[in-house]
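Please open the model in a viewer and keep the sequence panel visible. The tour below proceeds by selection, from the whole chain to individual helices and residues.

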Amino acid sequence: MLTKKGKYGLKAIVFLANLKPGESVQVAEIAEANNIPKKFLDAILGELRNARFLNSRKGKGGGYMLARPAEEIIIGDVIRVLDGPLAPIQCASRTAYRRCDDCDEARCEIRLMMLEVREAIANVLDNRTLADMRELTDDAMASFIYHI
């Protein structure tokens with residue numbers, strides 16, 4: 001399940017993707033626009049900066065901006081930075097695999113199902129960019145207006 005940290009991080013990075021290239025914005029503005037506690041957002045944006053998704057500038061006219069074009073930022077990578085592995089259980093994870101103590105992995109129905117779940121999640125999140133995500137609301141609004 002996506003945590004609040006993951007959700008807030010995605011909201012913030014989508015907000016930044018809507019800025020003009022090179023434009024930056026203060027944390028307070030992102031927090032207010034997305035109804036996110038500023039102190040929590042400070043920590044989240046710091047993690048995204050450390051993972052090289054964002055750049056920041058200090059001082060007047062400073063703030064946060066995308067470190068690279070939205071078309072180059074994979075959503076699955078952002079979620080992994082903020083929330084960890086995509087797999088619902090560790091024995092189904094590719095990045096944080098840990099064997100279960102209580103089952104035979106080759107015959108464990110739970111593990112086999114969760115491997116399928118992990119692949120389905122990764123198939124969506126690792127094949128969508130921040131640009132794709134940013135455009136979802138535009139596409140949804142266009143579809144909504146078309147159906148009225």
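The following stops describe what each selection shows.

**The whole chain**

Begin with the entire protein chain in cartoon view, bearing in mind that this is a predicted model. The chain contains six helices and two strands, and their order along the sequence is α-α-α-β-β-α-α-α. The C-alpha trace spans about 60 × 45 × 25 Å along its principal axes.

Next, display the surface. The protein chain exposes about 9600 Å², of which carbon and sulfur atoms supply 54%. Buried residues account for 36% of the 148 residues. If charged side chains are coloured, 22 positive and 21 negative ones appear, and the centres of the two sets lie 7 Å apart. Of the contacts between residues at least 6 apart in sequence, 61% join residues at least 24 apart.

**Helix H2**

Select residues 27-34, which form helix H2. Which residues of this helix are buried? They are Val27, Ile30, Ala31 and Asn34. These residues cover an arc of only 95 degrees around the axis, which puts them on the same side of H2. An α-helix has 3.6 residues a turn, so residues three or four places apart point the same way. Turning to the other side of H2 brings Glu32 and Ala33 into view, both exposed.

To see what the buried residues of H2 pack against, add helix H1 (4-17), helix H3 (38-50) and strand S2 (63-66) to the selection. Then step just past the end of H2 to Asn35, which takes a positive phi of about 60 degrees.

**Helix H3**

Move on to H3 and select its buried residues: Leu41, Ile44, Leu45, Gly46 and Leu48. The elements that cover them include H1, H2, strand S1 (54-57), S2 and H4. A distance between the end C-alpha atoms of H3 gives 18 Å, which agrees with the 18 Å expected for 13 residues at 1.5 Å a residue. Just after H3, Arg52 has a positive phi of about 70 degrees.

**The loop between H4 and H5**

Select Cys103, which lies in the loop between H4 and H5. Is this residue buried, partly exposed or exposed? Its relative accessible area is 22%, so Cys103 counts as partly exposed. Now draw a distance from Cys103 to Phe53: the two are 50 residues apart along the chain, and their C-alpha atoms are separated by 39 Å.

**Helix H5 and Arg118**

Continue to helix H5, residues 109-125. Its 17 residues should span 24 Å at 1.5 Å a residue, and its end C-alpha atoms are indeed 24 Å apart. Highlight Arg111, Arg118, Ala122 and Leu125, the buried residues here. Looking down the axis of H5, one finds them within an arc of 65 degrees, so they line one face of the helix. This set packs against helix H4 (75-83). On the other side of H5, Glu109 and Glu116 are exposed.

Finally, centre the view on Arg118. Why does this residue count as buried? Its relative accessibility is 6%, and the cut-off for buried is under 20%. Which residues are in contact with Arg118, leaving aside its neighbours within four places in sequence? Show Arg80, Leu86, Ala87, Pro88, Ala92 and Arg94 to complete the view.

Key
Residues are numbered from 1 along each chain as its sequence is written. This is a predicted model: local features need pLDDT of at least 70, side-chain atom pairs count only at pLDDT 80 or more; totals for chains, interfaces and linings use all residues. Side-chain values use heavy atoms; hydrogens and water are left out. Helices (H or I, at least four residues) and strands (E, at least two) are DSSP runs, numbered from the N terminus. Buried means under 20% relative accessible area, exposed over 50%, partly exposed in between (1.4 Å probe, protein chains only). Contact means heavy atoms within 4.5 Å. Accessible areas come from the Shrake-Rupley method with a 1.4 Å probe; for residues, only the protein chains shown count as cover. Lys and Arg count as positive and Asp and Glu as negative; His and the chain ends are not counted. The place of a charge is taken as NZ of Lys, CZ of Arg, CG of Asp or CD of Glu. The expected span of a helix is 1.5 Å times one less than its number of residues. The arc is that of the directions from the helix axis to the C-beta atoms.
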